Amino acid sequence: IDPPLVSVIVPAFNEELNAVRTVQSLLQQDHPNLQVIFVDDGSKDNTFNTVRDDFSGNDKVKVFTKTNGGKASALNFGIEKAEGEFVVCIDADTQLKSDAVTLLMKKFSSPLSCRRGEGGEVGAVAGNVKVGNEINMITRWQSIEYITSQNFDRRAFDYLDCITVVPGAIGAFNKKAVIDSGGFTSDTLAEDCDLTMRLHRNGYTIRNCNDAISYTEAPESMKQFMKQRFRWSFGVMQCFWKHRDAVLNPRYKNFGLIALPHVLIFQMIL
């Protein structure tokens, strides 16, 4: 059986320095049936022209530009243009290991991917994000944090089928599941968390793939770090409030009974 076509969507805003390197790393993936959808979200620098000129003769790379509308709108634009049955969404400053897409795709067909006892279709697979720029104390501490707290949580929630966030730096989605769930939205600061929660509510299973590794650029200064963490924290609070009616609702299984109370206690109250 031929492997499915996978469309890797790269939304970018003012990423002139990183964009070409990111697309080049995607073309080194060992998944044989792959296309890259690069979406410039109205950058003020030369991002679009740089990427378009570098990959003008490559049939595997499609480069688009649109008026600025935020990351969610750029991702939706990319999904619209994607020809694959599956889409992988990454950030423009992210590098994937060469086997990442292949490993993510295996989770969609794995027997363990069925919701326990129900056979729920896999809607998304979360990858493993590592820090690629360990250059000072702030980024080194973040590297430890990514390896420990973020991965431990996700691996535990994988067993319980209640992962709350498929990370923006590496996440694979069944395109039909994303469209059925309303795509990415702009009404929270954490569009990846909100979509993951909506997939749960629509009965899809979310899996974790610890071996599919991406390297991302972590904030290098305290100011950047605080700005990122405010956006993450506030975004998760917005997502919790948006889905508050699912809390302790047995209809949503462990997502409502375990994951959302965990968000409330550990990410909000404490």
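Select strand β4, residues 86–89. Both of its faces are covered. Phe 86 and Val 88 are buried on one side. Val 87 and Cys 89 are buried on the other. In a regular strand the side chains alternate between the two faces of the sheet. Keep in mind as you look that this is a predicted model.

**Neighbours of β4**

Add strand β1, residues 6–12. Strands β1 and β4 pair in the parallel sense, over four bridges. Pick out Ser 7, then find Val 87 in β4: the two stand opposite each other.

Now add strand β7, residues 171–174. Does β7 run parallel or antiparallel to β4? The two run antiparallel, and four bridges join them. Select Cys 89 to find one of these links: its bridge partner in β7 is Gly 171.

**Out to the rest of the sheet**

Go back to β1 and select strand β2, residues 34–41. These two strands pair in the parallel sense over seven bridges. Zoom in on Val 6, whose bridge partner in β2 is Leu 34.

Next, show every strand of the sheet. What is the order of the strands? It reads β3-β2-β1-β4-β7-β6-β8-β5. The sheet is open, has eight strands and shows mixed pairing. Its edge strands are β3 (61–66) and β5 (95–96), and each of them pairs on one side only.

**Two residues with positive phi**

Most residues other than glycine have a negative phi, and most peptide bonds are trans. Here are two residues to check against that rule.

Select Asp 161. Look in the loop between α5 (137–160) and β7. Phi of Asp 161 is near 50 degrees, a positive value in a residue other than glycine. Is Asp 161 buried or exposed? Its relative accessible area is 7%, so Asp 161 is buried.

Now select Lys 253. This residue is in helix α9. Lys 253 is not a glycine either, yet its phi is positive, at about 50 degrees. Its relative accessibility is 38%, so Lys 253 counts as partly exposed.

**Along helix α9**

Stay in the helix and show residues 253–269. Stop at Pro 261, which has its place in this helix. Pro 261 has 16% relative accessibility. Why does Pro 261 count as buried? Buried means under 20% relative accessible area, and Pro 261 counts as buried because its value is 16%.

Which residues does Pro 261 touch, leaving aside those up to four places away in sequence? Select Val 247, Leu 248 and Gly 256 to see them.

Then draw a line from Pro 261 to Val 125, C-alpha to C-alpha. The two are 22 Å apart in space and 136 residues apart in sequence.

**Step back to the whole chain**

Zoom out and show the full chain. How many helices and strands does it have? There are nine helices and eight strands. Turn the C-alpha trace along its principal axes, where it spans about 55 × 50 × 30 Å. A compact globule of 270 residues would have a radius of gyration near 18 Å; the chain has 18 Å, which agrees.

Colour by burial: 51% of the 270 residues count as buried. Then turn on contacts. Among those between residues at least 6 apart in sequence, 80% join residues at least 24 apart.

Show the surface. The chain exposes about 12,700 Å², and carbon and sulfur atoms supply 56% of that area.

Finally, colour by charge. The chain has 30 positive and 32 negative side chains. The centres of the two sets lie 5 Å apart.

Notes. Residues are numbered from 1 along each chain as its sequence is written. This is a predicted model: local features need pLDDT of at least 70, side-chain atom pairs count only at pLDDT 80 or more; totals for chains, interfaces and linings use all residues. Side-chain values use heavy atoms; hydrogens and water are left out. The radius of gyration is taken over C-alpha atoms; the globule rule is 2.2 Å times the number of residues to the power 0.38. Buried means under 20% relative accessible area, exposed over 50%, partly exposed in between (1.4 Å probe, protein chains only). Contact means heavy atoms within 4.5 Å. Accessible areas come from the Shrake-Rupley method with a 1.4 Å probe; for residues, only the protein chains shown count as cover. Lys and Arg count as positive and Asp and Glu as negative; His and the chain ends are not counted. The place of a charge is taken as NZ of Lys, CZ of Arg, CG of Asp or CD of Glu. Two strands pair if DSSP finds at least two bridges between them.
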